[in-house]
Amino acid sequence: MAAAVETNLQPSYIDIDRNVQRAMAPGGLKYWLWVAFCAFLTALGMIFWTNQIYKGLGVTGYGQPNMWAVYITDFVFWVGIAHSGTLISAILFLFRVRWRTAVYRCAETMTVFAVLTAGLFPLIHLGRVWFFYWCVPYPNERFLQPDFRSPLVWDFFAISTYLTISTVFLFTGLIPDLANAREVSTGWRKTLYTILSFGWQGTDRQWRNFSMVYLLLAGFATPLVLSVHSVVSWDFAMTQLPGWHSTIFAPYFVAGAIFSGCGLVLTLIIPMRKLMKIEDLVTIWHLDNLAKVVLLTSLIITYSYATESFMVWYTQDPIEIMTFNQRYYGPQGYLFWMMVACNCAIPLLLFIPRIRTNTVCLFIISIFVNIGMWLERFVIIAGSLATNTEPSQWRFYVPKLTEVVITVGSFGWFLMNFSLFAKFMPIVSMTELKEGIGWLRHAVRETYPYRKAA
Amino acid sequence: MSDGIALISTFSSDDECAQGIEALHRAHVHDFSAFAPFPSEKILEATSEARGQGRSPVRWWVLTGGITGILTAIALTVGTSYEWNLNVGGRPIASIPPYIIIMFELMILMGGLSGLLGFLFHSCLPAFDSAAGYRSRFGADKFGLVVRCAENEVSRLESLLRDAGAEDIAREAVITQGVPSHH
């Protein structure tokens, strides 16, 4: 046994391949039961959405002035989740941060499926979904043309670009790994990997072009990721509504997005590395570094909350002050304080190295981060609309079963897609781990005391 | 009838493979192809120097795509504003600052997509026929250097590659297509 641990201290290229290929082996009964459970949640969400399309938005808790509520909260939440993928895969790539290699594929996959999930919510939110194409800019006989000065149209362009570029970035990085998988596969998997890898053989010419396109895509994805959540934040900040109309929204939303995204990466990767037996590739050292990003972004958003409150006090605008008083101490004030606890207080535990290196603690904290960030979006969106400038219109929104089930269904849809991808595609980049094998060995050595203790 | 011999040398590290490429360069042999399981900077630098190549032309595809994206966005936003113009209190019909967001997004979109196309084009992908000398281990844990040469050069190049650290050298007759040209 000791010898096995000794061997793992010096993983070779072949060890990396074996670990990833083992994770891609056909799933057992438990795996398929999990996928079936996710599919069941998805189906449930689709049934409730169908009912909503048939009966109209009256089946939800929507009503004046809460015409934006859970669906837009879900939209912003999922777009936010997508951001850590690009942070880890593109921004950290440009900065040559070595710990990203083991986790970036997982984060990037999460990005693509999170944007796909987010893209559903503007459609779900529409009362008459069959008219969604009215948002697409093309000359038509109805004399309708999108107003390019509207943040909603910016959003359409930003999200569709983000989905496309994230998919291209993920796919480009996958090509060499799919070629590797092709060589050891048989049957329909071999055919699939042969087609998807485009006959990649890793010649110097191919690598030269690959390195260039990957670098440029990373260079494009970096400002894109910052722009997308800024644009999403302007959906709110460009309006005159107290609680939304704030110049801090763009950086505040971007930091929050990275925070929530890294939280969900932890939520996904901690059980995944255990179940797929890739603990030798995704080590405690990698999780420790990811936890530090969560901690840093938690501090940034705590600062953003404080700045936002300070600006409200500093302007002495009575309506803004009233809105924030309602946010803190109103009928739904408990949601704000839960949000503060989840996003500001609980992540402070990550200052303790022993917690950062304990997977159970990290997993629990990541769940709190996810809850906290969903609540943040709900508090901003539904909370600010509830208390607008006309007190006679005030109404605190409470979701009905339809919104709850559709939200749960979106988690099922996301997890189902992610789980299928993780089983059929290389969920850890073999190429990049081999390129930085020295860092992987460093990670394994750093992790050795924890493994030994475990 | 054979077009020559392909020497398929296998290396266990990118250092040795790069040394092999440098040795070939010094011997004025440039009809070779290197295979690696990851984008090794050492190998890429050595091949670029041996062949006198600059940086990948993919960057021009990205630049062209990006500029096309910006121009498309200008045409879309400004063009449609004038086509469906609406004078609101004398404000500009085409308001450039908000349109910059659309220009930015389309620049990224088209730049990224054309970059992908450029990458596939210059890498000769898709290509479902194996290049001469390709071995599946070159995608896993070994580095390969495939040299195309005349039969009378075989022993000289073999010893040159062995000196660079090749752990195994195999010979293969090149019948029709040899190592793809890199120029």
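Colleague: How many residues of chain B are in contact with chain A?

Modeller: Bear in mind that this is a predicted model, where local features need pLDDT of at least 70, side-chain atom pairs count only at pLDDT 80 or more, and totals for chains, interfaces and linings use all residues. Residues are numbered from 1 along each chain as its sequence is written, while chains are lettered from A and ligands numbered from 1 in the order in which they are written. Contact means that the C-beta atoms of two residues, placed from the backbone, lie within 7 Å. With that cut-off, 46 residues of chain A are in contact with chain B, and the count for chain B is 51 residues.

Colleague: Which element gives the largest share of the side of chain B that touches chain A?

Modeller: The elements are DSSP runs numbered from the N terminus: helices are H or I with at least four residues, strands are E with at least two. Those giving two or more residues to this side are β2, α2 (41–51), α3 (58–83) and α4 (96–122) of chain B. The largest share is 17 residues, and they come from α4(B).

Colleague: And by class, how many residues on that side of chain B are nonpolar?

Modeller: Nonpolar covers Ala, Val, Leu, Ile, Met, Phe, Trp, Tyr, Cys and Pro; Asp, Glu, Lys and Arg count as charged, and the others, Gly among them, as polar. The side of chain B that touches chain A has four charged residues and 16 polar ones, and the nonpolar count is 31.

Colleague: Let's turn to the sheet in chain B. In what order do its four strands stand?

Modeller: Strands pair if DSSP finds at least two bridges between them. In this open sheet of chain B the pairing is antiparallel, and the order is β2-β3-β1-β4.

Colleague: Which strands of chain B are at the edges?

Modeller: An edge strand has a single partner, so one side of it is left without a neighbour in the sheet. From one strand to the next the twist averages 20°, with axes fitted as lines to C-alpha atoms (for helices over the stretch in contact) and angles running from 0 to 180 degrees between N-to-C directions. The two at the edges are β2 (32–35) and β4 (168–174).

Colleague: Which residue of β3(B) stands opposite B:Ala34?

Modeller: Strand β3 (residues 143–149) pairs with β2(B) in the antiparallel sense over four bridges. One bridge partnership there joins B:Phe32 to B:Val147. Opposite B:Ala34 you'll find B:Leu145.

Colleague: What about B:Thr10: which residue is its bridge partner in β3(B)?

Modeller: Strand β1 (residues 4–11) of chain B is joined to β3(B) by seven bridges, and the two run antiparallel. The partner of B:Thr10 is B:Gly144.

Colleague: How many residues of β3(B) are buried?

Modeller: A residue is buried if 20 or more other C-beta atoms lie within 10 Å of its own, exposed if 12 or fewer, and partly exposed in between, with C-beta atoms placed from the backbone. B:Phe143, B:Leu145, B:Val147 and B:Cys149 point one way and B:Gly144, B:Val146 and B:Arg148 the other, and all are buried. The strand is largely enclosed by the rest of the structure, because the buried count is seven of the seven.

Colleague: Over in chain A, within what arc do the buried residues of α2(A) fall?

Modeller: In helix α2 (residues 13–23) of chain A they are A:Ile16, A:Asp17, A:Asn19, A:Val20 and A:Ala23. Seen down the axis, they line one face of the helix, because they fall within an arc (taken from the directions from the helix axis to the C-beta atoms) of 165°.

Colleague: What do those buried residues of α2(A) pack against?

Modeller: Both partners belong to chain A. They are α6 (151–184) and α16 (430–435).

Colleague: Is B:His28 buried or exposed?

Modeller: B:His28 is found in the loop between α1 (14–26) and β2 of chain B. Its phi is near 60°, a positive value in a residue other than glycine. With 7 other C-beta atoms within 10 Å, B:His28 is exposed.

Colleague: Last one: which residue does B:Leu125 join through a cis peptide bond?

Modeller: Most peptide bonds are trans. Here omega is near -5°, and the partner is found in the loop between α4 and β3 of chain B. That partner is B:Pro126.
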